[in-house]
Amino acid sequence: MKKGIKRRIFNGHPWIYDNEISIFPECEDGALVDLFTSSGQFIGKGYYNSHSAIRIRLLTRKNENVDEHFFSRKIIKAYTLRNRFVKTTDAYRLVFGEADGLPGLIVDKYSDYFVLQINTLGMSKFRETIVGVLVRLFNPKGIYEKSEGNFLKLEGINPVSEWLHKTGPILIPFKMNEITFLADLRGQKTGFFLDQRYNAKLLSNYAHGRRVLDVFSYTGNFAIHMLKAGANSATLVDQSKRALEVAREVARINGIADRVEVFEGNAFDFLRAVKPGDYDMIIVDPPALVKNSRATEKALNAYKELNLRAIKNLKEGVLATSSCTQAIKEEEWERTIYEAFIDNKKLGLQLFAGSQPADHPVSSAIYETKYLKFRAFTVHKIADI
């Protein structure tokens with residue numbers, strides 16, 4: 001590395017950028033390399049990719065072999081953490097990339113199945129080793145890899161959607177907060193968004209008797225939670241026909257299909273068409289509206305527009321709103337919500353603030369691991385306060 005190494009690296013951050021390296025290795029992309037200070041002090045071992053601005057992602061600060069024993073130790077450590085803190089579900093994120101010391105690797109557990117997501121060329125070199133470790137440690141009914149997205153092309157790897165160990169259903173049933181859900185292997189990410197389960201459970205405390213609108217609903221995590229907690233009805237809005245079909249099936253399994261209505265379409269358009277008072281709980285949980293800091297202003301405007309429309313349509317009731325990208329700072333996102341209340345001449349009283357659960361751990365050394373932001377408010381006319 002160049003002289004004057006940034007403190008974040010010594011404090012535990014695993015990313016080494018191209019402008020921090022003075023002598024580049026002569027190796028193929030994805031290969032393991034040793035990293036040293038300019039004076040020759042060993043820093044750690046990681047994998048290299050010349051096509052990425054993050055040239056090296058550190059796997060260990062020890063001069064050790066990265067082999068089956070290494071991955072076994074890391075995964076056992078991650079499992080021990082989950083086993084201690086994750087309750088009321090048989091589904092959780094077993095490995096959360098950098099936060100668990102395994103950058104580029106996601107492992108989600110759904111009941112007796114694992115779904116992998118490999119995001120980097122370097123980690124893809126260890127695919128067989130990782131699968132072997134998971135089989136030996138947990139003996140799952142099946143392991144599926146679901147690695148998709150445009151970022152894979154930048155890393156120089158091909159997308160993968162296939163069973164790596166045995167086989168299983170495309171819709172994997174699992175229990176969460178005493179509700180049966182389905183992880184859809186043809187859906188988004190690994191099939192379900194496990195990171196919102198605490199927020200959905202907390203929000204359900206305010207759902208009884210309400211008419212719920214869940215925009216960007218995907219397969220209905222929030223809406224199903226609200227209905228099981230006594231909401232009168234729930235309308236789900238999503239652009240994915242398949243996601244809504246899965247949501248209907250989840251509602252049927254849980255015996256609440258008669259209180260569910262679905263609309264395939266654009267959430268922005270739907271919110272514009274809603275009549276004020278049609279709903280008294282609106283949930284706004286969009287996908288990441290920005291992938292990098294260069295597009296933050298546009299994304300913040302979109303967050304404000306969504307919340308503006310939702311608040312306008314609530315004569316009174318509950319607004320639940322979320323952001324799932326680390327590229328937007330929490331205080332900037334929260335300000336857009338407050339501005340949306342002001343522009344509507346209404347007042348929001350916060351019920352609770354949420355984040356990501358313990359199986360999506362935030363590392364104090366890696367700011368990028370903190371991404372999920374959630375707020376719930378009661379909505380009031382200013383004159384009524």
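This is a short talk on one sheet and one pocket of a predicted model.

Some ground rules. Residues are numbered from 1 along each chain as its sequence is written, and side-chain values use heavy atoms, with hydrogens and water left out. Because the model is predicted, local features need pLDDT of at least 70 and side-chain atom pairs count only at pLDDT 80 or more, while totals for chains, interfaces and linings use all residues.

The sheet comes up now. It is open, with 4 strands in the order 1-4-3-2, and the pairing is antiparallel. Strands here are DSSP runs of E, at least two residues; helices are runs of H or I, at least four; both are numbered from the N terminus. Two strands pair if DSSP finds at least two bridges between them. Strand 1 (15–17) and strand 2 (32–36) are the edges, each pairing on one side only.

Now strand 3, residues 42–48. Strand 3 pairs with strand 4 over 4 bridges, in the antiparallel sense. Look at Tyr 47: opposite it, in strand 4, stands Arg 57.

Strand 4 (54–60) takes us to the pocket. Strand 4 and helix 2 (68–85) each supply at least two residues of the lining of the second largest pocket. A pocket is an open set of points on a 1 Å grid over the protein atoms alone, where a 1.4 Å probe fits, with protein on both sides within 12 Å along at least five of seven lines; lining residues have an atom within 4 Å of a point.

Which helix gives the most to this lining? Helix 2, with 7 residues.
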